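Me: I am new to this structure and would like a close look at one part of it. Please take the main core and the helix that goes with it, and describe what surrounds them.

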Amino acid sequence: MAAPGLVEKVEMYTTPEPIGSTGKTLTYKGMLIASKSKSRNMFSDVGSVFKSMAGGEIKGISKLTRDIRDELMYELKEKAVEIGANAIVGVKMETNSVFEGILEMVIYGTAIHME
């Protein structure tokens with residue numbers, strides 16, 4: 001497990017190269033993938049049914065999605081540190097509803113070391 005201080009320093013980019021990396025040496029470290037499936041709790045589901053009838057944000061689903069995303073971004077950064085990378089480029093996320101109340105999210109990118 002990587003030290004938390006190092007994990008927070010890992011930079012993530014959706015672009016193919018880090019912003020402002022002109023003139024820096026970029027070393028490819030490998031592809032990183034993390035995924036997670038989680039379910040909402042029963043009480044959240046009951047409230048969601050009523051909210052979906054009335055319209056508006058379903059906060060239980062929004063929170064679940066946000067929590068999974070944050071956990072996976074941290075996990076990807078941990079993996080980067082473990083292989084000697086300090087940045088991840090080309091980051092992409094995909095979210096799927098496996099079945100009612102179960103969300104799956106996948107995050108992937110390319111680990112690099114930037115000097």
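Reply: The largest nonpolar core in this predicted model has 18 residues. Those with the most contacts inside this core are Leu32, Ile68, Leu72, Leu76, Ala80, Ile88 and Ile107. Two or more residues each come from β2 (26-39), α3 (59-82), β3 (87-99) and β4 (102-114). The element that gives the most is α3, with 6 residues. A second core, separate from this one, has 5 residues and includes Tyr13, Val89, Ile112 and Met114.

To place these elements, consider the whole chain. The chain has 3 helices and 4 strands, and from the N terminus the order is α-β-β-α-α-β-β. Of its 115 residues, 30% are buried. Among contacts between residues at least 6 apart in sequence, 77% join residues at least 24 apart. The exposed area of the chain is about 7200 Å², and 58% of that area is supplied by carbon and sulfur atoms.

Now the helix itself. α3 is made of 24 residues. From its first C-alpha to its last, α3 reaches 35 Å, close to the 34 Å expected at 1.5 Å a residue. Its buried residues are Leu64, Ile68, Leu72, Leu76, Lys77, Glu78, Ala80 and Val81. The list therefore holds Lys77 and Glu78 along with nonpolar residues such as Leu64 and Val81, because buried here means a relative accessible area under 20%. The cover over the buried residues of α3 includes α1 (4-9), β1 (11-12), β2, β3 and β4. Just after the helix, Gly84 has a positive phi of about 85 degrees.

Leu72 shows the strand side of this cover in detail. Leaving out residues up to four places away in sequence, Leu72 touches Ala34, Ser35 and Lys36, and also Met105, Val106 and Ile107. By their numbers, Ala34, Ser35 and Lys36 fall within β2 (26-39), while Met105, Val106 and Ile107 fall within β4 (102-114).

Val7 shows the part played by α1 in the cover. Val7 lies in helix α1 and is buried, with a relative accessible area of 0%. Apart from neighbours within four places in sequence, Val7 is in contact with Ala2, Tyr74, Lys77, Glu78 and Val81. Lys77, Glu78 and Val81 are also among the buried residues of α3. Val7 can be placed against Ala85 as well: the two are 78 residues apart in sequence, and their C-alpha atoms are 10.0 Å apart in space.

The helix also carries charged side chains that pair up. The structure holds 5 salt bridges. One of them joins the side chains of Glu71 and Lys38, at 2.8 Å from N to O. Glu71 is in helix α3 and Lys38 is in strand β2, so this pair ties together parts that are 33 residues apart in sequence. Both ends are partly exposed, Glu71 at 29% relative accessibility and Lys38 at 28%.

Other pairs stay inside the helix. Asp67 forms a salt bridge with Lys63, and the closest N and O atoms are 2.7 Å apart. Asp67 and Lys63 are 4 residues apart in α3, so about one helical turn separates them. Asp67 is partly exposed at 26% relative accessibility, and Lys63 is partly exposed at 45%. Glu75 and Lys79 also meet in a salt bridge, at 3.8 Å from N to O. This pair too lies in α3, 4 residues apart, or about one turn of the helix. Glu75 is partly exposed with a relative accessible area of 23%, and Lys79 is partly exposed at 27%. Lys36, Lys38 and Glu71 are joined into one network by salt bridges that share partners. Lys36 is also one of the residues that Leu72 touches.

Strand β2, which gives residues to the core, also has a residue at the surface. Met31 is found in β2 and counts as exposed, at 55% relative accessibility. Together with Tyr28 and Ile33, Met31 makes a nonpolar surface patch of about 370 Å². Leu32, by contrast, is among the residues with the most contacts inside the largest nonpolar core.

How values were computed:
Residues numbered from 1 in each chain as written. Predicted model: local features only at pLDDT ≥ 70, side-chain atom pairs only at ≥ 80, totals over all residues. Heavy atoms only, no water. Buried < 20%, exposed > 50% of the residue type's maximum accessible area, 1.4 Å probe, protein only. Contact = heavy atoms within 4.5 Å. Areas by Shrake-Rupley, 256 points an atom, 1.4 Å probe, with all protein chains shown as cover. Core = buried A, V, L, I, M, F, W, Y, C linked by side-chain atoms within 4.5 Å. Patch = residues over 30% accessible without salt bridge, like charges linked within 9 Å, V, L, I, M, F, W, Y side chains within 5 Å. Salt bridge = Lys/Arg side-chain N within 4 Å of Asp/Glu carboxyl O. Expected span 1.5 Å × (residues − 1).
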